[in-house]
Amino acid sequence: MNITRLPTPAPPAVPRAPEPYHTAHTPLIIDNGSSSFRWGFASSPAPQSGPNVIAKYKERRTNKPLLLFGDGVDLDSGAKAQSRNPWEGDVLLNFDALENALDYAFVNLGIDTPSIDHPVLMTERLASPLHSRSLTSELMFELYSVPSLAYCVDGVMSFYQNNKPVPKDPFTSDGLVISFNTASTSVIPVLNGKGIMSHAKRIPWGCSQASDYLLKLVQLKYSNFSTRVTTPQSSWMLHNFCEFATDYTAVLRTLKDPLKMRAAERIVQFPFVLPVYEEKTEEELNRLAEKRKEQGKKLQELAAKTRVEKLVQKENDLRDLIELRESRNEFSKREWTIKLQEEGFDDEAGFDETIKKLENDLKKARKKEAEGEDNMEEPSFPLVDVPDADLDEEGLKEKRKQRLMKAGFEARVRAKREKEREKAEKEEEERKEEEERDMDLEGWSRKMRQEQENLINKIKERARRKAALGDRKSAAAQARMKSIANLANDDRLPKKKRKGGAEDMFGADDADWAIYRKINTAAPSSDEEEDLNQLAIVESKLLAHDPTFTLKETHASITSQRSALISAFRPIYEEGDIEGNARIHLNVERWRVCEAWFSPSMAGIDSAGLGEVSQNVLSRFPDSEKSRLVKNVFLTGTPSQLPGLVPRLLATLRPNLPTEMPIEVIQARDPTLDAWKGMASFALTEDFARVGVTRQEYEEQGGERVRKWWGGNWNGGFIL
């Protein structure tokens with residue numbers, strides 16, 4: 001089995017020492033992502049980073065308030081519960097948290113001056129709301145007094161990093177940028193080194209939604225899992241086990257084979273604790289086994305005695321009812337109705353049904369009693385005919401015992417005769433069936449197949465009814481609740497007993513307890529057992545005499561195929577297997593979660609998929625420009641590293657392009673850090689000084705204003 005153990009959480013990384021002094025006006029690069037916050041000077045080779053989350057926490061021992069950022073939030077469960085993120089989905093809203101994150105970043109960079117005397121290049125989302133930009137600008141200019149501030153879109157800057165021109169040359173690359181972010185996915189066309197933001201599109205599905213979707217699928221599949229599965233764990237499973245399918249439907253068809261599903265699954269082993277058992281000596285084990293054996297023997301004797309008593313009682317009841325039925329002609333119709341009501345029956349149909357039921361019950365009971373008792377010697381019961389007056393107390397006890405034993409013996413004799421009669425009838429039926437088979441094999445086969453189909457339908461209907469009981473709005477569940485309500489009603493006595501003021505005798509008759517089998521969904525059904533036995537007999541006859549009937553057509557084979565698929569989808573371990581019950585099997589979910597990028601509706605998102613949005617963007621350009629875009633379909637963002645994305649995009653875009661138009665899908669060299677590195681590279685060019693908003697321009701025109709340039713948003717007013 002392909003088992004991977006869940007990694008243990010690593011301790012928070014020790015913060016890097018403050019960087020050495022950088023000259024004034026060295027640009028600061030801030031990648032303000034939904035999940036990760038990256039910062040550093042443009043001259044640094046790599047950024048510093050941490051989870052974009054903060055928590056205000058009071059230390060318990062010293063009672064001092066603390067402000068935790070990034071990995072430090074995970075140090076205490078109380079701090080983790082109070083953590084906050086600057087982002088709400090894909091919108092920047094919590095500016096208190098952003099201020100705390102910026103404070104941490106500037107302190108970590110060793111900036112100890114009252115103001116930040118460095119120009120800043122900062123990321124913002126595609127089509128970011130003007131309100132978010134305005135408050136961010138206010139924070140940077142009013143609180144930190146930065147000399148200038150520029151905004152850019154991270155996906156375009158990652159594209160710039162991977163297609164950088166030679167120094168001094170302008171940026172003129174073409175391509176279709178597909179940026180996979182935490183809470184969204186953007187498609188941005190770039191022509192002549194300029195992002196065409198008016199044609200850009202964004203879908204509301206990102207890595208965080210995919211992780212939540214996987215978490216919900218796992219929770220639905222393992223509703224009683226022994227360990228709570230968390231969002232970070234589902235994110236880890238997403239990045240390590242999920243992948244894109246070139247043809248999702250074909251993958252599902254392949255996984256219909258249980259063996260292929262087993263081969264494709266990935267097993268995640270969660271932590272578990274083995275229980276501590278007290279070891280017993282061999283002498284103690286033997287003593288316990290002997291004690292259980294004695295208790296079982298006593299229970300068997302008690303059950304046999306109770307069974308015989310009930311059998312005798314039923315025989316007496318049946319005899320009395322038959323005698324009553326034989327006296328039917330002695331009463332008029334009205335008198336007969338009154339007589340039935342006095343005996344506790346509503347009408348004659350109920351009377352006949354009771355007789356029929358007693359006969360069937362006695363038949364089954366006698367059949368069980370007769371099993372294994374072919375040689376029965378008649379015992380003697382000398383005290384049965386002795387008058388009670390001639391016996392002392394011990395003799396009376398022995399007489400009652402012999403009377404009970406005699407009744408049981410007579411019941412077994414009757415059961416044996418019934419068994420012999422049934423055996424003769426069965427032999428006669430088999431003889432007639434053999435004659436029918438010899439005369440018309442095809443007709444006999446049709447008859448047997450029809451009987452098999454009827455029995456299978458009965459079994460399926462019973463299973464459907466049991467499943468329907470799980471839905472409280474179904475007719476079966478409502479009928480069950482009605483039965484429970486009737487049981488709760490005190491007015492359950494028959495009319496005769498109600499008039500006489502008799503007490504409730506519910507349970508005196510074994511038939512009374514059938515109501516509990518009706519309302520108990522887990523109760524075994526004797527009818528189901530009989531149907532299965534009859535079905536096995538019919539199928540064995542067909543296998544023996546019908547050459548066209550194969551093992552694949554039997555109910556057991558059909559059920560085992562379905563059960564094998566379900567077992568492969570979610571294997572069930574034994575109750576005592578602690579290690580096995582702490583495992584999660586990922587099979588269909590590995591491709592289903594990633595498919596939501598191309599079909600968000602399957603996850604409940606009312607949006608077009610990535611393939612449809614990409615085609616919509618390309619359709620806005622003539623073929624000459626479209627060919628320039630599809631020659632460089634650029635993928636960036638951490639989720640772009642999931643396996644299978646490149647062939648899936650090729651399979652999605654290729655059918656909608658002319659056959660002579662070449663297409664190439666390219667992944668970023670470093671999908672996680674290329675956006676920051678591209679920003680740092682651009683900030684060191686001469687063009688950077690022309691894209692930022694100065695403090696004077698901010699004071700004159702407000703925080704919503706930005707300069708119109710190739711890497712920024714075009715939504716709102718511009719400074720020309």
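1. Start just past helix α2, where G110 follows with a positive phi, near 80°. Helices here are DSSP runs of H or I with at least four residues, strands are runs of E with at least two, and both are numbered from the N terminus.

2. A word on the model: it is predicted, so local features need pLDDT of at least 70 and side-chain atom pairs count only at pLDDT 80 or more, while totals for chains, interfaces and linings use all residues. Residues are numbered from 1 along each chain as its sequence is written, and side-chain values use heavy atoms, leaving out hydrogens and water.

3. Back to α2 (residues 95-108): at 1.5 Å a residue, its 14 residues should span 20 Å (1.5 Å times one less than the number of residues). The end C-alpha atoms are 20 Å apart, which agrees. Buried residues (under 20% relative accessible area, 1.4 Å probe, protein chains only) in α2 include F95, L98, L102 and F106.

4. Now the largest nonpolar core, a set of buried Ala, Val, Leu, Ile, Met, Phe, Trp, Tyr and Cys residues joined through side-chain atoms within 4.5 Å. It has 50 residues, and among those touching the most other members are I178, L214, L586 and W597. Helix α5 (residues 207-221) gives the most to this core, with 7 residues.

5. Have a look at the open sheet, too: its 3 strands run in the order β1-β15-β16, with mixed pairing (at least two DSSP bridges between two strands). β1 (3-5) and β16 (583-586) stand at the edges with a single partner strand each, so one side of each lacks a neighbour in the sheet.
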